[in-house]
Every structure is written in structure tokens, then in C-alpha cells.
Amino acid sequence: TEKNPIHPYLLELAEQGKIKQWTRNPHIFFVTELDKVALTTFEGKIGVNRRFPAKTAAEWAVCNELIAGGK
């Protein structure tokens, strides 16, 4: 997390219960209403994690809605 700090909005979403921080990899945040879909900070911006991507249009819509709140 030193090289790629966590975006403050992800921590705010975690406090609201919309995402859960993964204890093993604290830079990864799973979207609570989706199955194995995660958000991460990329160069200061929030994005969907490549390892745990959104698979359907509905999942992408949920992720984009969460990401849009942090801009």
C-alpha cells in the first residue's frame, strides 16, 4: 500500500458497509452485494480489480455507481 495508497473514498464506502476490505490484501475491497467482485485504487483512481472483475452488465453497473461517487 506504500506504492499505491488506498483512495479515501474506498475507506468511506467500507464504513458505510457497501464494500469490505480484504484483510489478507488490504488494498482490495469486495463489493458486498456482488459475488467475488472487488474495487482497488489505481494511480489515485478507483477501479475494478483485475483479479476479481465484474462479469455481467449488472455487476458493472453496480461498480460504476460506486466508483462515480468517489470522483
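## A small tour from helix 1 to the aromatic cluster

Helix 1 is followed by Gly-17, a residue whose phi is positive, near 85°. That is one detail of a predicted model, and this briefing moves from the overall build to the helix, the strands and the rings. The protein has two helices and four strands, and from the N terminus on, these elements run α-β-β-β-β-α. Its radius of gyration is 11 Å, close to the 11 Å that the globule rule gives for 71 residues, so the protein is as compact as a globular protein of that length.

**Overall build**

- Taken along the principal axes, the C-alpha atoms of the protein fill a box of roughly 35 × 25 × 20 Å.
- Of the 71 residues, 38% count as buried.
- The accessible surface of the protein comes to about 4,800 Å², and carbon and sulfur atoms hold 52% of that surface.
- If you take the contacts between residues at least 6 apart in sequence, 34% of them join residues at least 24 apart.

**Helix 1 and its two sides**

- Which residues of helix 1 (residues 8-16) are buried? They are Tyr-9, Leu-10 and Leu-13.
- These buried residues cover an arc of only 105° around the axis, which puts them on the same side of helix 1.
- The general geometry is familiar: an α-helix has 3.6 residues a turn, so residues three or four places apart point the same way.
- On the other side of helix 1, Pro-8 and Glu-15 are exposed.
- What do the buried residues of helix 1 pack against? Their partners are strand 1 (19-21), strand 2 (28-31), strand 3, strand 4 (45-48) and helix 2 (57-68).

**Two threonines in strand 3**

- Strand 3 covers residues 38-42, and Thr-41 has its place there; Thr-40 is in strand 3 as well.
- Is Thr-41 buried or exposed? Thr-41 has a relative accessibility of 3%, which is under the 20% cut-off, so Thr-41 counts as buried.
- A polar atom of the Thr-41 side chain lies 2.8 Å from the backbone nitrogen of His-7.
- Thr-40 has a relative accessible area of 4%, so this threonine is buried.
- With its side chain, Thr-40 makes a polar contact with the side chain of Asn-49, at 2.7 Å.
- Which residues does Thr-40 contact, leaving aside its neighbours within four places in sequence? They are Leu-10, His-27, Ile-28, Lys-45, Ile-46, Gly-47 and Asn-49.
- One of these contacts of Thr-40, Leu-10, also belongs to the buried residues of helix 1.

**Aromatic rings**

- How many aromatic pairs does a search of the whole structure find? It finds three.
- In one pair, the rings of Trp-22 and Phe-30 have their centres 5.6 Å apart and their planes at 65°; the planes are over 60 degrees apart, so the pair is edge-to-face.
- In another, the rings of Phe-30 and Phe-52 have their centres 4.9 Å apart and their planes at 70°, so this pair is edge-to-face.
- The pair of Phe-30 and Phe-52 links distant parts of the chain, 22 residues apart: Phe-30 is in strand 2, while Phe-52 is in the loop between strand 4 and helix 2.
- Ring pairs link Trp-22, Phe-30 and Phe-52 into a cluster.
- Within this cluster, Trp-22 has a relative accessible area of 18%, so Trp-22 is buried.
- Phe-52 has a relative accessible area of 14%, so Phe-52 is buried.

**Positive phi in the loops**

- As background, most residues other than glycine have a negative phi.
- Lys-36 is not a glycine, yet its phi is positive, near 55°.
- Where is Lys-36 found? The loop between strand 2 and strand 3 holds Lys-36.
- With a relative accessible area of 56%, which is over the 50% cut-off, Lys-36 is exposed.
- Glu-43 has a positive phi of about 50°, although it is not a glycine.
- Glu-43 lies in the loop between strand 3 and strand 4, and with a relative accessible area of 77% it is exposed.

Key
Residues are numbered from 1 along each chain as its sequence is written. This is a predicted model: local features need pLDDT of at least 70, side-chain atom pairs count only at pLDDT 80 or more; totals for chains, interfaces and linings use all residues. Side-chain values use heavy atoms; hydrogens and water are left out. Buried means under 20% relative accessible area, exposed over 50%, partly exposed in between (1.4 Å probe, protein chains only). A polar contact is a pair of N or O atoms within 3.5 Å; within protein, one must be able to donate a hydrogen and the other to accept it, and residues adjacent in sequence count only if both atoms are side-chain atoms. The arc is that of the directions from the helix axis to the C-beta atoms. Contact means heavy atoms within 4.5 Å. The radius of gyration is taken over C-alpha atoms; the globule rule is 2.2 Å times the number of residues to the power 0.38. Accessible areas come from the Shrake-Rupley method with a 1.4 Å probe; for residues, only the protein chains shown count as cover. Rings of Phe, Tyr and Trp (its six-membered ring) pair if their centres lie within 6.5 Å; planes under 30 degrees apart count as stacked, over 60 as edge-to-face and the rest as tilted.
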